[in-house]
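Reader: I would like to go through the labels used for this model. Please give me the reasoning behind each.

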Amino acid sequence: MPRPILIDTDPGQDDAVALLLALASPAELQLLGITTVAGNVPLELTTRNALMMVELAGRPQVAVYAGCDRPMVRPLVTAEYVHGKTGIDGAGTPAPTTEAAAGHAVDFIVQTALATPGLTVCTLGPLTNLGTALERSPEIGDNIEQIVLMGGGFFEGGNTTPAAEFNIYVDPQAADIVFRAGIPLVMMPLDVTHQALTSDARVEAFKALGNAAGGATAGMLEFFERYDMERYGTRGAPLHDPTVIAYLLEPELFGGRQCWVEIETTSELTMGMTVVDWWGLTNHEPNCLVINQIDDERFFGLLIERLGRLP
Ligand code: BDR
Ligand code: CA
């Protein structure tokens, strides 16, 4: 039986590749819907980009719901300097022919969770939609088996401020609600995503698939790489968000540790920091599986094989 999942996202080239991976894997993942949030670019664009990906994957029947257009408390911060003006610069994908589903993403998350015991929620962007849903209807937590999220960083530090990773920095109040909700969490922080780097050979492999999804992925990665290569002096860029979907498909590619994790919501200096009790220094029971190891060869192998199944 495929696992029922929701994906909450702010595409973003790496979000787009994560969506393609999930859309290419219907035998394992029953994608009940995609919800969008403001993050890498404003909501109108993240929604448009998600629609483009379901069409590119040949699965326009997967509903896309637009969600929150700004964080719960703080003003919106976007990242066009990483992702370009559209959020998926480089994709070269045609404009969507379909529209977002009627209704708000937060309502869709609440209704879907209430109707789906054993639901997995995947978040690839700021946690505004899920935080709002949990604040409004905390009982949905009873039906959510796990939340798998890309966000945070600990030993690796931050990528938006010295202390904070982008997804958590943009909406720390929402992240705080999610981390305190008592729902099993799996976190893919920068510590692991910075080991999943693109390379010329990997980009070429997407190109060589010869399908539209492979071409769009290669184009997006070529655009997306340039920022991180310059910033970190690496030969490729971290492919953050697809690690979330890969974890659901092949968890044995990853390793980590159960830890207590708290979100900084008050200090401006460290706002949005994910404070991980890696060494068990507090008396808190762990609330999160913090991933810090990946088999990057097999991760890219999985991505290339799955995207090869798409049109
Ligand atoms: C995260 O922020 C965004 O730029 C990416 O899409 C990813 O979700 C990495 O910090
Ligand atoms: Ca993202």
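Reader: What makes the approach of the N167 side chain to ligand 1 a polar contact?

Author: In this predicted model, an N or O atom in the N167 side chain is 3.0 Å from an oxygen atom of ligand 1. The cut-off is 3.5 Å for a pair of N or O atoms, so this pair qualifies.

Reader: Which distances put H83 and D241 in polar contact with ligand 1?

Author: For H83, a side-chain N or O atom is 2.8 Å from a ligand oxygen. For D241, a polar side-chain atom lies 2.7 Å from an oxygen of ligand 1. Both values are within 3.5 Å, so both pairs count.

Reader: How much of the accessible area of ligand 1 does the protein cover?

Author: On its own, ligand 1 has 280 Å² of accessible area, and the protein covers 96% of that. The space taken by ligand 1 is also the largest cavity.

Reader: Which residues form the shell, and how do they divide by type?

Author: Among the residues around ligand 1 are D14, D15, N40, L124, M150 and F166. The shell divides into three nonpolar, five polar and four charged residues. Leu, Met and Phe count as nonpolar, so L124, M150 and F166 belong to that class. Helices α1 (13–23) and α6 (166–170) each supply at least two shell residues.

Reader: Why is the aromatic pair of Y65 and F108 called stacked?

Author: Six aromatic pairs occur in the structure. In the pair of Y65 and F108, the centres are 4.0 Å apart and the planes differ by 15°. The centres are within 6.5 Å, so the rings pair; the angle is under 30 degrees, so the pair is stacked.

Reader: What parts of the chain does this pair link?

Author: Y65 is in strand β3 (residues 64–66) and F108 in helix α4 (residues 105–115). They are 43 residues apart, and the pair links distant parts of the chain.

Reader: What makes the peptide bond between P11 and G12 cis?

Author: Its omega is about 0°. Most peptide bonds are trans. G12 lies in the loop between β1 (3–9) and α1.

Definitions and conventions: Residues numbered from 1 in each chain as written. Chains lettered and ligands numbered in written order. Predicted model: local features only at pLDDT ≥ 70, side-chain atom pairs only at ≥ 80, totals over all residues. Heavy atoms only, no water. Near = heavy atom within 4 Å. Polar contact = N/O pair within 3.5 Å; in protein donor to acceptor, adjacent residues only side chain to side chain. Areas by Shrake-Rupley, 256 points an atom, 1.4 Å probe, with all protein chains shown as cover. 1 Å grid on protein atoms, 1.4 Å probe; cavity = no way out; pocket = protein on both sides within 12 Å on 5 of 7 lines; lining within 4 Å. Sits in = over half its atoms within 2 Å of the grid points. Helix = DSSP H or I, 4+ residues; strand = E, 2+ residues; numbered from the N terminus. Phe/Tyr/Trp six-rings, centres within 6.5 Å; stacked < 30°, edge-to-face > 60°.
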